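Q: I have a structure open and would like to go through it with you. Can we take it piece by piece?

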Amino acid sequence: MARSDRRPFSIHVVFFLELLLLLAAAASVLSASAANNTMRPRNELRKYKRIRACLKSLNRPSLKTIQSPDGDVIDCVPFHLQPAFDHPRLKGLKPMVPETSSNISLRTPHRPYPDPPERPRGHEASVLADGEDSIQLWRTSGGTCPEGTVPIRRTKEEDILRASSVRRFGRKPAARTRRVSEGSGHEHAVGYAVGYQYYGAKASLSVWAPRVASSSEFSLSQIWVISGSFSSDLNTIEAGWQVSPQLYGDSSPRFFTYWTTDAYQATGCYNLLCSGFIQTSNKIAIGAAISPTSTYNGRQFDINLLIWKDPSHGHWWLEFGSGVLVGYWPSSLFSHLAGHATMVQYGGEIFNTRPSGFHTATQMGSGHHAGEGFGRAAYFRNLQVVDWDNSLIPVTNLRVLADHPNCYDVQARINRAWGSYFYFGGPGRSVRCP
């Protein structure tokens, strides 16, 4: 009888111990959940503070604000307050306000810059046709920035939130150049020249509004000026037009610039989203939408771009259209490009995230293959380079390459009217490009 009387007691003890263990486990879970709930607001607060600091750094005091029809806000920022002068290598390099936008004359108390840059021989900086300097949407409302200011597209909180991180906002992923594009998601159809010392490049490129299939992808058409190895010390200067929903929040082609000195790892950025490029024009807003665009079997619209190294002071200047000096990249930003370029490249690029395991349907150029020709395919025409003597000469050793020719291809041609030129592009995913 004594043994049977002890058994219920033992069962109660075991049950009680199990209950204690369950309560302890539940308390641990609740404690962890509470800790996570505490950490989440802290992380959100830190992110919010980083975003606010980024916005404060990018958006400068302006003398005038212009509302663009596409929703952009353009701030007319005093020349000396632009982001360029935050760069460590440009501290103290603070040129005075240009005297006029058409005849740039920069002076600085530390380093004289008394004259406009020396344009290449053979370059015709013709007088602007009516409305030619108004091919960006923000100018169609009739607004202009006053002399002594530069138009800067205002960065909004939602722009930064679309980026993969606050730190990577305004930057391209690494390993995106033509020679290292395999497996990186970046695909190209380009014409290029190598084998000499290059001091600039010029071309006319047609403007389209290709469809971008995913917000994290982009499609662009641009000029590259390149030096260094394609690993860790690549130097590039880039300019053209781009459709990038993640960066701009829409599907409009936008005028853009880029630069890097370490193969896109830590230096450089799009447009004016980091310090470095010094803007001098009050007529062109980098990052603003271009209008009009080319239409299939309709009117073809192109823009002229010239990037060249001023022999007098060594800086790399950018000219847009027929004579508008947008600004310059100081030579002190670069290592290899402090001297000259070893390659110039023209053409298209897309970023392919392979949605659902298939090739993207993001279009390059017009979204049509090169073989369709004028009025249907995108093009680059009048390809030129700047030689050691600061002379513009035709590209005579043009090579072409498409790293995914079933998806996007390129065909080079030559004639008297267009000199060296090529068609390029494609639709992306198709029967030819699964």
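Q: Which residues form one aromatic cluster?
A: This is a predicted model. In it, Phe-374, Tyr-379, Trp-418, Tyr-421 and Tyr-423 make up one aromatic cluster.

Q: How many aromatic pairs does the structure hold?
A: There are 20 aromatic pairs in the structure. In one of them, the ring centres of Tyr-421 and Tyr-423 are 5.8 Å apart and the ring planes stand at 90°, so this pair is edge-to-face.

Q: Why those two values?
A: A pair of aromatic rings is described by the distance of the centres and the angle of the planes.

Q: Are Tyr-421 and Tyr-423 buried or exposed?
A: Tyr-421 and Tyr-423 are both buried.

Q: Let's step back. How many helices and strands does the protein have?
A: The protein has three helices and 18 strands.

Q: And what percentage of the residues is buried?
A: Of the 434 residues in the protein, 52% are buried. The protein exposes about 19,300 Å², and 55% of that area comes from carbon and sulfur atoms.

Q: What about contacts between residues at least 6 apart in sequence: what share joins residues at least 24 apart?
A: That share is 71%.

Q: Strands next. How many residues of β4 are buried?
A: Strand β4 covers residues 186–198, and 10 of its 13 residues are buried, which leaves the strand mostly covered.

Q: Which sense does the pairing of β4 and β13 have, parallel or antiparallel?
A: β4 and β13 (residues 341–351) pair in the antiparallel sense, over 10 bridges. One bridge from Val-190 goes to Gly-347 in β13.

Q: How many bridges are there between β4 and β16?
A: There are four bridges between β4 and β16, also in an antiparallel pairing. Here Val-190 stands opposite Leu-401 of β16. Val-190 therefore has a partner in β13, namely Gly-347, and another in β16, namely Leu-401.

Q: Change of topic. How many disulfides does a search of the whole structure find?
A: The search finds three disulfides. With the bonded cysteines counted along the chain, the pattern is 1-2, 3-4, 5-6.

Q: Start with Cys-76. Which residue does Cys-76 form a disulfide with?
A: Cys-76 is bonded to Cys-145, with 2.0 Å between the sulfur atoms. Cys-76 is in strand β2 (residues 73–78), while Cys-145 is in the loop between β2 and β3 (149–153), so to speak a link between distant parts of the chain, 69 residues apart.

Q: What handedness does the disulfide of Cys-76 and Cys-145 have?
A: The torsion about the S-S bond of Cys-76 and Cys-145 is about -80°, so the disulfide is left-handed.

Q: Are these two cysteines buried or exposed?
A: Cys-76 has 0% relative accessibility and counts as buried. Cys-145, at 4%, counts as buried too.

Q: And which residue is joined to Cys-269?
A: Cys-269 is joined to Cys-274, with an S to S distance of 2.2 Å. The torsion about their S-S bond is about -90°, so this disulfide is left-handed. Cys-269 is buried at 1% relative accessibility, and Cys-274 is buried with a relative accessible area of 17%.

Q: Why does 17% still make Cys-274 buried?
A: Buried means under 20% relative accessible area, and Cys-274 has 17%.

Q: Which cysteines form the disulfide with a torsion of about 85°?
A: Cys-407 and Cys-433 form it, and because the torsion about their S-S bond is about 85°, the disulfide is right-handed. Their sulfur atoms are 2.0 Å apart, and both cysteines are buried.

Q: Where is Trp-138?
A: Trp-138 is in the loop between β2 and β3. At 1% relative accessibility, Trp-138 counts as buried. Trp-138 and Ala-289 are 151 residues apart in sequence, yet 7.8 Å apart in space from C-alpha to C-alpha.

Q: Which residue lies over the face of Trp-138?
A: Arg-139 does, at 5.5 Å from the ring centre.

Q: Last one: which ring does the charged end of Arg-429 sit over?
A: The charged end of Arg-429 sits over the ring of Phe-358, 4.1 Å from its centre.

Definitions and conventions. Residues numbered from 1 in each chain as written. Predicted model: local features only at pLDDT ≥ 70, side-chain atom pairs only at ≥ 80, totals over all residues. Heavy atoms only, no water. Helix = DSSP H or I, 4+ residues; strand = E, 2+ residues; numbered from the N terminus. Buried < 20%, exposed > 50% of the residue type's maximum accessible area, 1.4 Å probe, protein only. Contact = heavy atoms within 4.5 Å. Areas by Shrake-Rupley, 256 points an atom, 1.4 Å probe, with all protein chains shown as cover. Disulfide = S-S within 2.5 Å. Pairing = 2+ DSSP bridges. Phe/Tyr/Trp six-rings, centres within 6.5 Å; stacked < 30°, edge-to-face > 60°. Lys NZ or Arg CZ within 6 Å of the ring centre and 35° of its normal.
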